Amino acid sequence: MTEAVDDLVLVINSGSSSIKYQLLNPESGAVTASGMVDRIGEGNAGIEHQADGQTTERRGAVADHPAGLRLIFDMFAETGHDLAQAGVRAVGHRVVHGGEVFYQPTLIDDAVVAAIGELSSLAPLHNPANVAGIESARELLPQVPQVAVFDTAFFHGLPDAAKTYAIDAKVAAAHGIRKYGFHGTSHEYVSGQVAEFLGRDPAGLNQIVFHLGNGASASAIRGGHPIDTTMGLTPLEGLVMGTRSGDIDPGIIAHLMRSAHLDIDQIDTLLNRDSGIKGLSGVNDFRELQRLIGNGDSAAQLAYDVYIHRLRRYLGAYLIDLGGVDAITFTAGVGENSPQVRADALADLSRFGIEVDATANTAKSRTARRISPPGAPVAVLVVPTNEELAIARAAHRVATASA
């Protein structure tokens, strides 16, 4: 039986070979259903769909993103939540790159779709997939407002000194080269949750947020506004990640072209897909990395040490940028679930008022929590991110305002 529920928002996150989705209430955060279509374009693709406490799986070929969206809609209908009748108030789409054009949640029309597509040169793996998801959802739910929420939006107003690269200014202007930052939806949501948790006005808080997952980024936030972040023109800059190198000497690219005879596409693949933790250790799953370290694997240990070294380097930089910090927060898969990373990233910093309580740090919890000792000058927190809820709320606001 189809359940009619008012004011739900369908959130769609179309990746290069996957589509993640949630149907949720933007006010309460209650999730009606969620899931993911993976390995799009491969013969062993499929869907894992959760609804009403049950998980339904299907495996088989999913040719492209339109086929993936149709499969998602079929699964909703099969499990009793036909999206055409479920009271969907809006569809919120995560879009990775908004360039200089988009820095607010935006009601989607044909011109917006075209503009997102034109920004694909800045995010060639992500924006085309985002466009495919948008176009398919517009066809399947033509009467429902569709809203784009941009990963770069929170960092649009970075100070000029932070967002400007020291290259020829005319070249930079001609090709849109600046620091854009990513994971903005998460950084904005988590920093807001930190202020609520501490009972403080965001305007009076200096924060550092570490979003640590397979992709990883950090931000320095003063008074609710970011003043710097680690990712740049693309999500490749900054911290060491699961498969991305993070910061490297740009001369390495020319060196590889000359000495290894790699072309630019091969180098792009190397730095984005075969570097980071994976490049150093052979694995990119942090749990597997820690298992290897436990077995005495020296390559895994080095990968971990490089990872922590980079975290601490940016922590120090942001402490100086902010002139002191009130809260340091860990979020996302690794940030929320690895006590060892949190402890090592903040080790031996008591002279700066930064300490981690070992018992609080290792306690199991899925809620926001403080892991610094009582009375410590700097609050060290673990705050679960919820990008889907943030996207749903933004999409609902835009759809309501446009009605």
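**View 1. His183 is found in the loop between helix H5 (169–175) and helix H6.** Helices (H or I, at least four residues) and strands (E, at least two) are DSSP runs, numbered from the N terminus. The model is predicted: local features need pLDDT of at least 70 and side-chain atom pairs pLDDT 80 or more, while totals for chains, interfaces and linings use all residues. Residues count from 1 along each chain as its sequence is written, and side-chain values use heavy atoms, without hydrogens or water. Phi of His183 is near 60 degrees. That is a positive value in a residue other than glycine. With 10% relative accessibility, His183 counts as buried (under 20% relative accessible area; exposed is over 50%, partly exposed in between; 1.4 Å probe, protein chains only). His183 is also one of the contacts of Ala216, the residue of the next view.

**View 2. Ala216 belongs to strand E10 (residues 216–222).** The relative accessible area of Ala216 is 0%, so this residue is buried. Contact here means heavy atoms within 4.5 Å. Neighbours within four places in sequence are left aside. Ala216 then has contacts with His183 and His211. Thr230 and Met231 also touch Ala216. So do Leu239, Val240 and Met241. Glu237 lies 21 residues from Ala216 along the chain. The C-alpha atoms of Ala216 and Glu237 are separated by 9.7 Å.

**View 3. Thr331 lies in strand E12 (residues 327–331).** Its relative accessibility is 0%, so Thr331 counts as buried. The contacts of Thr331 exclude residues up to four places away in sequence. Among them are Ser186 and Val190. Val209, Phe210, His211 and Leu212 form another part of the list. Glu336 touches Thr331 as well. Val383, Pro384 and Thr385 complete the set. Two of these names recur in other views: His211 also touches Ala216, and Ser186 also takes part in the contact of H6 with H15.

**View 4. Helix H6 (residues 184–198) packs on helix H15 (residues 387–402) at an angle of about 90 degrees.** Their axes are 9 Å apart. Axes are lines fitted to C-alpha atoms, for helices over the stretch in contact, and angles run from 0 to 180 degrees between N-to-C directions. H6 is therefore roughly perpendicular to H15 (65 to 115 degrees; under 35 is roughly parallel, over 145 roughly antiparallel, the rest oblique). From H6, Thr185, Ser186 and Tyr189 make the contact. From H15, the partners are Glu387, Leu389, Ala390 and Ile391.

**View 5. Ser18 lies in the loop between strand E1 (8–14) and strand E2 (19–24).** With a relative accessibility of 18%, Ser18 counts as buried. Leaving aside neighbours within four places in sequence, Ser18 is in contact with Asn13. Met36, Val37, Asp38 and Ile40 touch Ser18 too. His65 is another contact of Ser18. Gly46 is 28 residues from Ser18 in sequence. In space, Ser18 and Gly46 are 9.6 Å apart, C-alpha to C-alpha.

**View 6. Asp348 sits in the loop between helix H13 (339–345) and helix H14 (358–362).** Phi of Asp348 is near 60 degrees, a positive value in a residue other than glycine. His183, in the first view, likewise has phi near 60 degrees. Asp348 has 72% relative accessibility, so this residue counts as exposed. His183, at 10%, counts as buried.
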